[in-house]
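This report looks at aromatic side chains and at how their rings are placed with respect to one another. Please keep the structure in view while reading.

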Amino acid sequence: MRKFVMAAVGGALLSVVGTTQFVGPLLAQETEQSASVYEQLDLFGDIFERIRAQYVEQVDEEELIEAAINGMLTSLDPHSSYLPPDDAEDMRVQTRGEFGGLGIEVTQEEGFVKVVSPIDDTPADEAGIEAGDFITHVDGESVLGLNLDEAVDMMRGPVGSEIIITVVREGVEEPFDVSIIRDTITLTAVRTRIEGDTVVLRVTTFNDQTYPNLAEGLAERIEEAGGEDAINGIVLDLRNNPGGLLSQAIRVSDAFLDKGEIVSTRGRDPIDGDRYNATPGDLANGKPIVVLINGGSASASEIVAGALQDHRRAIVVGTKSFGKGSVQTVMPLRSDGAMRLTTARYYTPSGRSIQALGVSPDIVVEQPPARPEEEATEDEDDTVFNRSEADLRGRLDNDSLSEDEIRQIEEDRARAEAAAALREEDYQLAYAIDILKGLVALAPQPQQ
C-alpha cells in the first residue's frame, strides 16, 4: 500500500512539475507582453508631455488626444474611426435620414478621398460628381496626408456656402475643379415609378426610412398600374447606393424572400457570429425581380444583392459592386462621442465573403457614357432610311385585322418605342426591363 501511495504522490509531483515547465514560459511571455504595452503607454505619455511643453505653438490638449485615438483606430482599416461628439450626432442624424453636406459617400484610397457614390438629387450629384472620382484638394488645400475624418471635416460647412473641390477622374487627362453649394441633405430613401409594365424601386440609401418607403411605394405603384396582374416584375435599382444600416438591408431582403438565410456575420470570436433568416411573406408575390448594381453599390446594397442572387430570387445586372464586406459597430463613449469599430465580416447565404471582391452580376452590362448631343451626326438624326411597306403608294391594306387588333398592335409598338427611347437615357435600366419582358414571355402560360 505504501508503494502505491508513494507512486501516486510521485505521479502527482511529476504532473505538477510538467505543468509548471509548460505553463511557466507562457506566463513569462504574457508578463513580458504586458510590460511592453505599459512601456509603450509610458512612451505615449512622454511624447504627449513633450508636445505640450515644447511644441512651437500652444496646442489644444483635447484635440491632441482625439487625434491620437483616431490615429489608433484608422490604422486598423479605412472604416474604423473615432467620432467626436459633433460627428457622432451627425451620424445619428444621417441614419434618421437628414443631414447637412454635399451628398457624397466617400472612402480613402492611396491617401486621397475616393467617391464611393453621389447621393441622388444632392448638390454633389447635380454638380456631376461620379462614383470613382478622387478628390485631391478642397478649396485649394491638398487632402493628401489627412485621414478620412479630417478630409471630410474640410468639406463640411454652413448650408448655402460654396466649396471648390479638385477632382481626378479616370479617362480625363487633367484634374478639374468643381464648385458645389452646400445644402441640407434630406434623403428620400426609396423612389418608385412605373416604366411600361415594370415597377422600378430606386433605393438610394439604407436608413430608418428605407423599408417603410419601399413597402409603401411598391404598394402605390401596383395600385397605380391596376393591380399585380398588370405588372410584369420589379427592378430593384441599387446603383450608387453606399449602404447604411444592416437592419434595413435585412428587412429589404426579407421583403422579397419567404425563407432561408439572408446574411451571416462572423467576428473574431465564433460566439459573436449572427445569422439572420427571412420570414414568410413576399411583397412582390413571386413576381420576377432584376437587381441593378455598379461599382458604387456598397455594404448594405451588397447584402441585398447577394441574398437575392444566392436564393435565385433575382437576376443581378450591371457591373461588379464596391466590395465592402465588413460590419462596423458604433459604440457610445463618454462625453457623447462614439467609436466606429469594424467588428465582423458578413457572408451571403452561400457563404461568400464579399470583402474586397464585391458581388459579381449574373449579366454584366456597362452603362455607356453619355454622348453630347452635338456629336450626333445629321445622318443619324434626319436621314436614316426608315420607310416601310406602309409608306408605299398603292400599298395593299391589311383587312384581316379588326380595329381592336390594329389598336393593340399600335399600342405594343408604342411601348417598344418607349423602351428603345429609355436606352438612350439609362441603358442599364432599359436592359433590366427587357430581361423582365423576356422572363414573362418564357414563363409557363396558365391553362385555359
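Helix α11 (residues 427-442) holds both Y427 and Y431, which lie 4 residues apart, about one turn of the helix. The structure is a predicted model, and the values given below are computed from that model.

A pair of aromatic rings is described by the distance of the centres and the angle of the planes. A search of the whole structure finds 2 aromatic pairs. In one of them, the rings of F44 and F48 have planes at 15 degrees and centres 6.5 Å apart, so this pair is stacked. Both F44 and F48 belong to helix α1 (residues 2-54), where 4 residues, about one turn of the helix, separate them. The tyrosines Y427 and Y431 also form an aromatic pair, but a tilted one, with 50 degrees between the planes and 6.2 Å from centre to centre.

The accessibility of each paired residue is listed here.

| Residue | Relative accessibility | Class |
|---|---|---|
| F44 | 41% | partly exposed |
| F48 | 15% | buried |
| Y427 | 32% | partly exposed |
| Y431 | 30% | partly exposed |

Within the stacked pair, F48 counts as buried because its relative accessibility of 15% is under the 20% cut-off, whereas F44, at 41%, counts as partly exposed. In the tilted pair, Y427 is partly exposed at 32%, and Y431 is partly exposed at 30%.

A contact of another kind involves an aromatic ring and a charge: the charged end of R266 sits over the ring of Y347, at 3.7 Å from the centre of that ring.

Technical notes: Residues numbered from 1 in each chain as written. Predicted model: local features only at pLDDT ≥ 70, side-chain atom pairs only at ≥ 80, totals over all residues. Heavy atoms only, no water. Phe/Tyr/Trp six-rings, centres within 6.5 Å; stacked < 30°, edge-to-face > 60°. Helix = DSSP H or I, 4+ residues; strand = E, 2+ residues; numbered from the N terminus. Buried < 20%, exposed > 50% of the residue type's maximum accessible area, 1.4 Å probe, protein only. Lys NZ or Arg CZ within 6 Å of the ring centre and 35° of its normal.
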